[in-house]
Amino acid sequence: MSRSAAVGTPDEISGIPKLTKARIDELLTARFAEGFKELKDIPGPFDLHGMDRAAERIVRAIERKERITVVGDYDVDGVVSAAIMEEFFELIDYPVDTVIPNRFKDGYGISPALLERIDADVIITVDNGITAFEAAEVCKRRGIDLIITDHHTVAETLPDAYAVVNPKKRECRFAYPEICGAQVAWFLVGALKIRLGIELSMSRFLDLLALAIVADVMPLVSINRPLVRRGLALLSVSDRPAFEAARAYLGKSSFAAMDIGFAVAPRLNSAGRMEDASEALKFLRAKNLSEASRYWLRLEELNRIRRSTEAEATKEAMAMADPDAPVIVVAQEGWHEGVVGIVASRLVERFRKPAIVLCVENGRAKGSGRSVGEVDLFALLQGCEKHLSGFGGHKMAAGLTLPAEEIGDFREAICAHASKLDPSLFVPADRVMGELPMDEIDWELMALLERFEPYGEANDRPKFLIRDAEVLEARQIGAQNNHLRLLVGNGRATLQAIQFGFDRGVKKGERISLTGVLQVNEFNERRSIQMLVDKILFK
């Protein structure tokens with residue numbers, strides 16, 4: 001669910017059915033027609049095409065004491081992937097180098113420029129590499145065996161690497177292709193465990209894995225569900241110093257997927273967006289609470305800078321956007337490269353259309369796109385490939401580069417392609433489940449909702465309508481008084497509610513309707529039920 005606050009009208013909630021706990025149970029159960037997968041249902045690592053060859057080469061490198069370098073990525077998935085690989089090699093007492101490309105100096109993933117500072121016999125990419133054609137050629141010339149592990153959408157051809165492990169390869173018959181880069185790295189560790197014949201509990205990585213799966217917006221169904229469910233449980237008790245620090249600073253005794261998406265992931269991502277993702281890796285790999293706390297505070301600082309930079313760019317992008325275009329494409333010199341993806345998300349929230357945000361520097365445009373509904377952004381970019389220098393990603397998010405002089409033609413081309421799509425594909429999947437009487441909101445309902453956790457992509461947290469409630473208390477909160485805390489009631493029951501970034505103030509005594517999701521609020525060791533408000537509807 002988006003945190004973008006909005007004001008609505010009563011017409012938007014006409015005809016919405018009333019709900020009971022029994023009906024909510026029925027609707028949520030219907031999402032899992034195949035039933036709930038369990039950890040025992042997760043396939044073995046060698047079900048991934050190319051895994052045998054990848055594991056065989058890494059084992060040979062270990063036996064020969066060859067130099068191994070791991071190349072990650074600067075988002076949460078890439079950093080977690082690198083952390084899992086580092087931890088595994090530390091456990092078997094084998095030295096490896098880890099490189100996280102700097103967004104501003106190195107660009108995305110493994111590249112010829114990055115290879116200039118890598119001296120290795122074997123390179124393992126995690127969460128990147130599937131489009132690294134030039135880097136693969138450089139590795140061949142230098143006699144380096146390149147092992148690519150990735151999960152991003154595959155092009156018509158593959159890089160000429162020693163081994164390529166990606167569940168989206170045409171040759172791959174892996175039953176669950178919608179997994180993130182850290183999961184592919186985790187399966188690689190599982191394969192190495194088997195080939196090396198060592199004792200190792202793969203569940204030790206599940207706290208990290210849950211973080212990556214949620215942050216990379218993977219569907220929280222099928223095998224992803226039990227992995228995240230178990231991982232979130234471990235996060236809440238993990239003695240990993242990074243997660244001890246996160247619990248302490250966020251005041252959390254337990255984590256839900258929403259906490260990862262809104263609290264933990266943005267802080268980790270801020271390192272790669274604003275400075276260098278190695279800061280996030282150091283946080284995850286911290287050896288004690290003091291070290292983890294130091295890195296957490298640094299991530300907090302970078303996240304504050306990110307929010308300020310993002311707000312300014314978003315304001316400018318909103319003013320430039322063409323609301324009538326099927327795809328929003330905006331470009332500007334001076335925008336910070338690290339926030340264009342978030343700005344694209346803000347445009348999607350506002351206009352309910354795919355959005356691409358480009359920063360322009362020295363005649364080159366570089367940026368990110370986000371999609372909406374069922375619109376395949378990667379396919380749209382493929383249709384405009386002649387205008388682009390490069391692109392990569394998947395259906396819902398992508399990165400791209402192009403000459404600045406091509407921006408106009410690219411905008412025209414992608415809009416032409418998008419205009420041919422079925423309009424129903426553009427409908428966001430954030431509909432209200434139904435009207436929930438305030439009397440139904442209790443701990444029994446919260447226990448029911450908890451059974452279907454974790455919520456996220458492909459398993460949205462249910463959004464409810466609270467109709468015609470009286471405002472009993474209303475106050476502005478936050479450093480800039482830009483959030484709204486409410487107490488509403490209907491004469492028989494009351495409900496706490498909070499709206500972030502409200503658009504219109506609310507007065508005590510007003511009657512309003514609310515849409516939003518229910519969550520457990522923890523403060524000073526007290527737990528209460530509150531609604532995270534998506535929209536306030538005035539009479």
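Start by selecting helix α9, residues 241–250; its buried residues are P241, A242, F243, A245, A246 and R247. The model on screen is a predicted one. Now show what surrounds α9: the cover over these buried residues includes α7 (206–215), α8 (224–235), α11 (278–284) and α12. Step off the end of the helix to G251, just after α9, where phi is positive at about 65 degrees.

**Helix α7: L211 and A212**

Next, select L211, which sits in helix α7. Is L211 buried or exposed? L211 counts as buried because its relative accessibility is 0%, and the cut-off for buried is under 20%. Display the residues around L211, leaving out those up to four places away in sequence: L211 touches V76, V80, F243, I260, V264, L268 and L284. F243 is also one of the buried residues of α9. To see a link between distant parts of the chain, draw a line between the C-alpha atoms of L211 and V80: they are 7.8 Å apart in space and 131 residues apart in sequence.

Move to A212, also a residue of helix α7. A212 has a relative accessible area of 0% and is therefore buried. Which residues does A212 contact, once neighbours within four places in sequence are set aside? They are V76, D77, V80, C180 and A182. V76 and V80 are also among the residues that L211 touches. A second C-alpha line can go from A212 to Q183, which are 8.2 Å apart in space and 29 residues apart in sequence.

**The crossing of α10 and α12**

Select helix α10 (residues 257–274) together with α12. Two packed helices are described by the angle between their axes and the distance between the axes. Here the axes come within 8 Å and cross at roughly 70 degrees. The two helices are therefore roughly perpendicular to each other, since that term covers angles of 65 to 115 degrees.

Show side chains on both sides of the crossing. From α10, pick P266, R267, L268, S270, A271, R273 and M274; they meet W296, L299, E300, L302, N303, I305, R306 and T309 in α12. Colour them by class and the contact shows 8 nonpolar, 3 polar and 4 charged residues. L268, on the α10 side, is also one of the residues touched by L211.

Follow α12, which spans residues 289–320, to T314. T314 is buried, as its relative accessible area is 11%. With neighbours within four places in sequence left aside, T314 is in contact with V343 and R346.

**The second largest pocket**

Switch to a surface view and find the second largest pocket, with a volume of about 270 Å³. Its lining has 15 residues; to find the centre, select E87, R204, D239, R240 and P241, which lie nearest to it. P241 has already appeared as a buried residue of α9. Which helix gives the most to this lining? Helix α3 (residues 76–91) does, with 3 residues. By class, the lining has 8 charged, 5 nonpolar and 2 polar residues.

**Helices α1 and α16**

Now select helix α1 (residues 21–29) and helix α16 (residues 443–451), whose axes are 10 Å apart and at an angle of about 5 degrees. That angle makes α1 roughly parallel to α16, because angles under 35 degrees count as such. Side chains to display are K21, I24, D25 and L28 on α1, and E444, L445, L448, L449 and R451 on α16. This contact has 5 nonpolar and 4 charged residues, and no polar ones.

**Backbone stops in the loops**

Continue into the loop between α16 and β13 (464–477), where P454 is found. The peptide bond joining E453 and P454 is cis, with omega at about 0 degrees. In the loop between α16 and β13, go on to A458. A458 is not a glycine, yet its phi is positive, at about 70 degrees.

For the last stop, select K65, in the loop between α2 (51–63) and β2 (68–71). K65 has a positive phi near 60 degrees, and it too is a residue other than glycine. Is K65 buried or exposed? K65 is exposed, because its relative accessible area is 68%, and the cut-off for exposed is over 50%.

Note on methods: Residues are numbered from 1 along each chain as its sequence is written. This is a predicted model: local features need pLDDT of at least 70, side-chain atom pairs count only at pLDDT 80 or more; totals for chains, interfaces and linings use all residues. Side-chain values use heavy atoms; hydrogens and water are left out. Axes are lines fitted to C-alpha atoms, for helices over the stretch in contact, and angles run from 0 to 180 degrees between N-to-C directions. Helices (H or I, at least four residues) and strands (E, at least two) are DSSP runs, numbered from the N terminus. Angles under 35 degrees count as roughly parallel, over 145 as roughly antiparallel, 65 to 115 as roughly perpendicular and the rest as oblique. Contact means heavy atoms within 4.5 Å. Ala, Val, Leu, Ile, Met, Phe, Trp, Tyr, Cys and Pro count as nonpolar, Asp, Glu, Lys and Arg as charged, and the others, Gly among them, as polar. On a 1 Å grid over the protein atoms alone, a cavity is a set of points where a 1.4 Å probe fits but cannot get out, and a pocket is an open set with protein on both sides within 12 Å along at least five of seven lines; lining residues have an atom within 4 Å of a point. Grid points are joined across faces, edges and corners, and a volume is the space filled by probe spheres set on the points. Buried means under 20% relative accessible area, exposed over 50%, partly exposed in between (1.4 Å probe, protein chains only).
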